[in-house]
Amino acid sequence: MKKFVAVLSTTVLTLTLLSGCGQAAGQPKPETTTPAAGGNEAAKPEAEKKDVLAQFPAVKIPYTNDPNAVLAEYKGGKLVEKEFETFLRTINFLNPQQGASLQFADSAAIKDYVRQYTGTKILYDRADDTMKAAAMKQAEERFESYKKQYVERLDKKEENFTKLLEQQGLTKDELLKQMQLIDSSIGVLEKGIDENALKQAYEKADKSQFTTASVRHILISTESRKPEEAKKLADDLLARLKKGEDFAKLAKEYTDDPGSKESGGLYENANVNDWVPEFKKAALTQPINQISDPPVKTDYGYHIIRVEKREVQPFEKAKEQMKQQELNKAYGNFISVELDKLVTKWNIPEVKPAAAK
């Protein structure tokens, strides 16, 4: 696993998956398909169409274990299976896409999850009461936000949300405790971040790291047509735009990017680093309000691009992004260097090949 899943702050976890938004065409393709991302309704079983809870299935643990089994023993505490599974269910609730991938996790991935969660518990124990109280207040506010968004997708019925929690094997108190634990551990790491050092790093950095842009584009995909066909259609649309036709209207009609189709091809105030190299280069260098000629070629196909706004974030805005990067570095160092000095015994569950399929 390349990301430190346990340390991901619940302050930045969002429910964009619940909105049914598509993947931005300029971004890397997702590794997994989320059950919350919509899909072909006609292809779904009839029972699933009627059951609003089916779009958010419970997490499937890819191994079996005694709920009281001790997975890790460390100075001052231990991690048992029951608590670890609650953590995995919490991931599924907060981020359905990541939760959907858990059923395919192998032994190495489960080991990473156990190590990261054990590290998070140890960091939580270092938090003071004030830090824990602030994290709980934040968790309560965030829970209400998640609840509101889930209810919206569950036929706007609060009782369906209650059923969802039951289906997920979670209670409100368990979710609050997990969110508090994660944010408290982050608070401990944040104490070691020097804002003056961040500002010095910002001054020396390549400012493209902190550049945002509002970009309108039309993607003509090469996945559903031959490259030469895609190029011809892109050139035809470019010619129409040069004659004065409305960009947003043509994007809604022709673009193959579901993530921007309804907005007329527009990604507004987006971080340019979220896009693939060719798209990012256009966003950084193309003159404002000029249309790309020729269309920009990426692995997705041909993009007709118009950059409508571009700006470098000042330090006050960029520092949160920088802080998150430093948090991940600090957490990574804690997990790889300090954790094994604190843990006296590991008992990682083994995922058998048959169970992982």
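Visitor: Where does D155 lie?
Guide: This is a predicted model. Two helices frame the spot: α5 covers 129–153 and α6 covers 158–168. D155 lies in the loop between α5 and α6.

Visitor: Is D155 buried, partly exposed or exposed?
Guide: Buried means under 20% relative accessible area, and exposed means over 50%. D155 has 47% relative accessibility. That value falls in between, so D155 counts as partly exposed.

Visitor: What is phi of D155?
Guide: D155 is a residue other than glycine, yet its phi is positive. The value is near 60 degrees.

Visitor: Is L154 buried or exposed?
Guide: L154 also lies in the loop between α5 and α6. Its relative accessible area is 0%. The limit for buried is under 20%. So L154 is buried.

Visitor: Which residues does L154 touch, leaving out those up to four places away in sequence?
Guide: One partner, Q55, is 99 residues from L154 along the chain. The C-alpha atoms of L154 and Q55 are separated by 9.2 Å. The full list is V52, L53, Q55, F56, N160, F161 and L164.

Visitor: How many helices and strands does the chain have?
Guide: The chain runs to 357 residues, and 45% of them count as buried. Among contacts with a separation of 6 or more, 77% join residues 24 or more positions apart. The count of elements is 13 helices and 7 strands.

Visitor: What order do the strands take in the open sheet of 4 strands?
Guide: The pairing in this sheet is antiparallel. β4 (266–271) and β5 (296–298) each have a single partner strand, so they stand at the edges. Neighbouring strands are turned by 40 degrees against each other on average, direction ignored. The order is β4-β3-β6-β5.

Visitor: Which residue in β4 stands opposite A213?
Guide: Strand β3 spans residues 211–221. It runs antiparallel to β4, and 4 bridges join the two. Opposite A213 stands A270.

Visitor: Is T211 buried or exposed?
Guide: T211 lies in strand β3. It touches A270, N271, V272, L284, R310, E311 and V312, not counting residues up to four places away in sequence. Its relative accessibility is 5%, and the limit is under 20%, so T211 counts as buried.

Visitor: At what angle does helix α9 run to β6?
Guide: Helix α9 covers residues 227–242. It lies across β3 and β6 (301–312). Its angle to β6 is about 50 degrees.

Visitor: Which strands stand at the edges of the open sheet of 3 strands?
Guide: The order here is β2-β1-β7, with antiparallel pairing. An edge strand in this sheet has a single partner strand, so one side is left without a neighbour. The edge strands are β2 (77–80) and β7 (343–346).

Visitor: Which residue in β7 stands opposite E73?
Guide: Strand β1 covers residues 70–74. It runs antiparallel to β7, joined by 3 bridges. Opposite E73 stands K345.

Visitor: Which strands of this sheet does helix α4 touch?
Guide: Helix α4 (residues 107–126) packs on the sheet. Its direction makes about 40 degrees with that of β1. The strands it touches are β1, β2 and β7.

Visitor: What angle does α12 make with β7?
Guide: α12 packs on the sheet too, touching β1 and β7. Its direction makes an angle with that of β7 of about 90 degrees.

Visitor: Is α7 roughly parallel or roughly perpendicular to α12?
Guide: Helix α7 (residues 172–190) and helix α12 (residues 315–342) have axes 10 Å apart. They pack at an angle of about 95 degrees. Angles of 65 to 115 degrees count as roughly perpendicular. So α7 and α12 are roughly perpendicular.

Visitor: How many residues of the contact of α7 with α12 are nonpolar?
Guide: I186, L189 and E190 in α7 meet K323, L327, A330 and Y331 in α12. Of these, 2 are charged and none is polar. The nonpolar count is 5.

Visitor: Which peptide bond is cis?
Guide: P294 lies in the loop between α11 (277–285) and β5. Omega is near 10 degrees for the bond from D293 to P294.

Technical notes. Residues numbered from 1 in each chain as written. Predicted model: local features only at pLDDT ≥ 70, side-chain atom pairs only at ≥ 80, totals over all residues. Heavy atoms only, no water. Buried < 20%, exposed > 50% of the residue type's maximum accessible area, 1.4 Å probe, protein only. Contact = heavy atoms within 4.5 Å. Pairing = 2+ DSSP bridges. Axes fitted to C-alpha atoms, helices over the stretch in contact; angles between N-to-C directions. Parallel < 35°, antiparallel > 145°, perpendicular 65-115°, else oblique. Nonpolar A, V, L, I, M, F, W, Y, C, P; charged D, E, K, R; others polar.
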